[in-house]
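Thank you all for coming. I would like to walk you through one structure this morning, beginning with its aromatic rings and then moving on to a proline, the largest pocket and the cysteines.

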Amino acid sequence: MVEMEAGAENPNYIMVPPPPPPSVEPQPQKRPIFSFPRRPSLRITSEFDSESAFFFHKISCKLLDSLAKFKFSFHNNSKGDVSEPQFSFVSKHLSLHYDLEDHNALVKTSIDVGPRLQLSAAHDVKAQQGEVTMVANVADPGYALELSTPVPSVGMPKATFRFPVGEVSLQEKEEEEEVKNLLSVSGILKGQFFNGVCAAQYKDEELKLRYCYKDDEMSFLPILSLPSNALSFAFKRRFGPSDKLSYWYNCDSNYWSAVYKRTYGKDFKFKAGYDSEVRLGWASLWYHLLCTTSLVVVPKHDDPNISQNC
């Protein structure tokens with residue numbers, strides 16, 4: 001004990017550490033002779049319309065590591081008759097939608113000509129009609145110019161200028177009574193107002209004023225249309241992480257609609273609602289299985305006013 005203490009105080013005393021353990025080289029993993037790509041995930045959705053007693057089925061899967069998506073959909077009645085079969089192929093630069101009954105295809109494509117210029121086109125094969133659009137990013141942030149024209153062309157292209165707080169569009173409009181073309185103006189302006197977003201939209205000689213307030217638990221959206229002075233508002237209230245109530249009311253017609261939504265984890269959803277205009281109540285169930293198959297039972301009717309975003 002005395003020698004150990006003296007050696008610890010002596011700077012010339014050096015303690016030799018124990019030798020490190022022998023290093024073990026990692027064994028190289030054996031690769032299979034044949035490698036197969038991972039099977040794409042398949043999703044199956046079924047919807048039921050209680051009014052027409054029709055089923056709507058949709059089968060979709062993602063291909064090539066989600067670079068493309070394939071979808072097949074069709075309707076069938078209680079007798080098993082299949083109608084409106086359609087399939088579609090969607091990727092970043094090309095999409096194809098084909099109707100098996102009408103033997104018609106809708107082709108859409110887009111390409112980046114440069115860092116600030118994009119061209120896109122859509123063509124209806126059966127109708128022999130389409131549209132060509134060019135979008136140029138003029139400046140950052142959020143300044144862009146869009147020109148679109150139908151094919152075959154019937155007049156001047158529609159021009160839209162976008163900026164951070166809205167957009168303005170100029171389009172040639174044909175008046176049937178005077179048999180001449182006029183220039184139609186439409187646009188959107190939006191900005192922060194108090195703790196919400198205020199927006200003004202002008203189109204077809206009608207001005208809509210909207211104000212949206214939204215926080216973690218509630219959102220409120222009144223809408224005023226001029227010159228008709230029509231007023232309506234939408235209200236959403238979240239009671240918890242899994243409960244939400246949406247309500248819409250039209251002050252002129254006194255029509256209202258409400259939707260209640262509840263989720264149970266990530267695999268089960270329940271929705272129920274009522275619309276006073278058509279006097280229709282409905283409910284829907286959504287269940288997601290482990291094999292990425294889902295089942296939905298919903299009616300055809302759903303109120304689009306409740307799902308308005310700010």
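Before I give a count, let me say what I am counting: two rings of Phe, Tyr or Trp, with the six-membered ring taken for Trp, are called a pair if their centres lie within 6.5 Å. Please keep in mind throughout that this is a predicted model. By that rule the count comes to 13 aromatic pairs.

One of them is formed by Tyr143 and Phe161, whose ring centres are 6.4 Å apart and whose planes make an angle of 40°, so that the pair is classed as tilted, the class between under 30 degrees for stacked and over 60 for edge-to-face. This pair links distant parts of the chain, since Tyr143 belongs to strand β9 and Phe161 to strand β10, residues 158–163, with the two positions 18 residues apart in the numbering. Are these two residues buried or exposed, or something in between? Tyr143 has a relative accessibility of 33% and therefore counts as partly exposed, and Phe161, at 34%, is likewise partly exposed.

Elsewhere, ring pairs join Phe220, Phe233, Tyr247, Tyr249, Trp256 and Tyr274 into a cluster.

Phe233 brings me to the proline, because Pro222, which is partly exposed at 22% relative accessibility, lies 4.0 Å from Phe233, C-alpha to C-alpha, although 11 residues separate them in sequence. Pro222 sits in strand β15, which covers residues 218–226, and, leaving aside residues up to four places away in sequence, Pro222 touches Leu209, Arg210, Tyr211, Ser232 and Phe233.

Now to the largest pocket, which has a volume of about 330 Å³. It is lined by 15 residues, of which Pro150, Val154, Met156, Gln171 and Glu172 are the closest to its centre. Strands β9, residues 143–151, and β11, residues 166–175, are the elements that give two or more residues to this lining, and β11 gives the most, with 4. Sorted by class, the lining of the largest pocket comprises 4 nonpolar, 6 polar and 5 charged residues.

Finally, the cysteines. How many disulfides does the structure hold? The number is 0. As for accessibility, Cys61 counts as buried because its value is 13%, where the limit for buried is under 20%, whereas Cys251, at 30%, counts as partly exposed.

Conventions:
Residues are numbered from 1 along each chain as its sequence is written. This is a predicted model: local features need pLDDT of at least 70, side-chain atom pairs count only at pLDDT 80 or more; totals for chains, interfaces and linings use all residues. Side-chain values use heavy atoms; hydrogens and water are left out. A disulfide is a pair of cysteine sulfur atoms within 2.5 Å. Buried means under 20% relative accessible area, exposed over 50%, partly exposed in between (1.4 Å probe, protein chains only). Contact means heavy atoms within 4.5 Å. On a 1 Å grid over the protein atoms alone, a cavity is a set of points where a 1.4 Å probe fits but cannot get out, and a pocket is an open set with protein on both sides within 12 Å along at least five of seven lines; lining residues have an atom within 4 Å of a point. Grid points are joined across faces, edges and corners, and a volume is the space filled by probe spheres set on the points. Ala, Val, Leu, Ile, Met, Phe, Trp, Tyr, Cys and Pro count as nonpolar, Asp, Glu, Lys and Arg as charged, and the others, Gly among them, as polar.
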